[in-house]
Amino acid sequence: MWDAKAVQFHLKQAYRVLQATQVRGDYRLDSGGFWPEHLYTKDDIAGQQRMNYARAAKASNKRYSPRDIQIMETVLIGTGGRKGWLVEFLKNKPGASRCLAHWAIWASQGRSIKHECIIHGFAYSTFRKKRDQAAELLADALNAARVELI
């Protein structure tokens, strides 16, 4: 049986795997090509490389298994004729879906939820309540659809 905590855990883990998984660049996602939008000097490029090296050194080298990636795809994209959880089961509750997605992304990135609520103008207590309600709605929908616990 799904409960709100299990739903929150799997959503957060799915976004964590998504962020750590290498994806190939696609020209359709950028400004229409692989060319840079601005002209950079040699010093700019060297500075960016130093920043990237420093960031890479701090990043965890967590490797995710194919099973983790499969679970991420099931949760976020959907498999076997089903859509992702937020799309399929919360399609009639877009506010709940957005709240849960924002929380999962922020939590997976290790951001302070209180700080993000302040930045976006949300009341933290209300955001927590809405997140918990959305997770409960999603857990009920998963149980009603007889989706097996992962």
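1. In this predicted model, the second largest pocket holds about 260 Å³ of space. Its lining is made up of 16 residues, and those closest to the centre of the pocket are Thr74, Thr79, Val147, Glu148 and Ile150.

2. As to which helices contribute to this lining, α3 (66-76) and α4 (85-89) each supply at least two residues, and the most comes from α3, which gives 4 residues to the second largest pocket. Sorted by class, the residues lining the second largest pocket comprise 7 nonpolar, 4 polar and 5 charged ones.

3. Arginine 146 deserves a look at its backbone, since its phi is near 55°, which is a positive value in a residue other than glycine. Arginine 146 is found in the segment that follows α7 (124-144), and with a relative accessibility of 74% it counts as exposed, because the cut-off for that class is over 50%.

4. Glutamine 8 is a separate case, placed in helix α1, which covers residues 4-20. The relative accessibility of glutamine 8 is 6%, and because buried is taken as under 20%, this residue counts as buried.

5. Which residues does glutamine 8 touch, once those up to four places away in sequence are not counted? The contacts of glutamine 8 are then Trp103, Arg131, Asp132 and Ala135, so that a reader with the model open can go from the buried side chain in helix α1 to each of these partners in turn.

Terms used. Residues are numbered from 1 along each chain as its sequence is written. This is a predicted model: local features need pLDDT of at least 70, side-chain atom pairs count only at pLDDT 80 or more; totals for chains, interfaces and linings use all residues. Side-chain values use heavy atoms; hydrogens and water are left out. Buried means under 20% relative accessible area, exposed over 50%, partly exposed in between (1.4 Å probe, protein chains only). Contact means heavy atoms within 4.5 Å. On a 1 Å grid over the protein atoms alone, a cavity is a set of points where a 1.4 Å probe fits but cannot get out, and a pocket is an open set with protein on both sides within 12 Å along at least five of seven lines; lining residues have an atom within 4 Å of a point. Grid points are joined across faces, edges and corners, and a volume is the space filled by probe spheres set on the points. Ala, Val, Leu, Ile, Met, Phe, Trp, Tyr, Cys and Pro count as nonpolar, Asp, Glu, Lys and Arg as charged, and the others, Gly among them, as polar.
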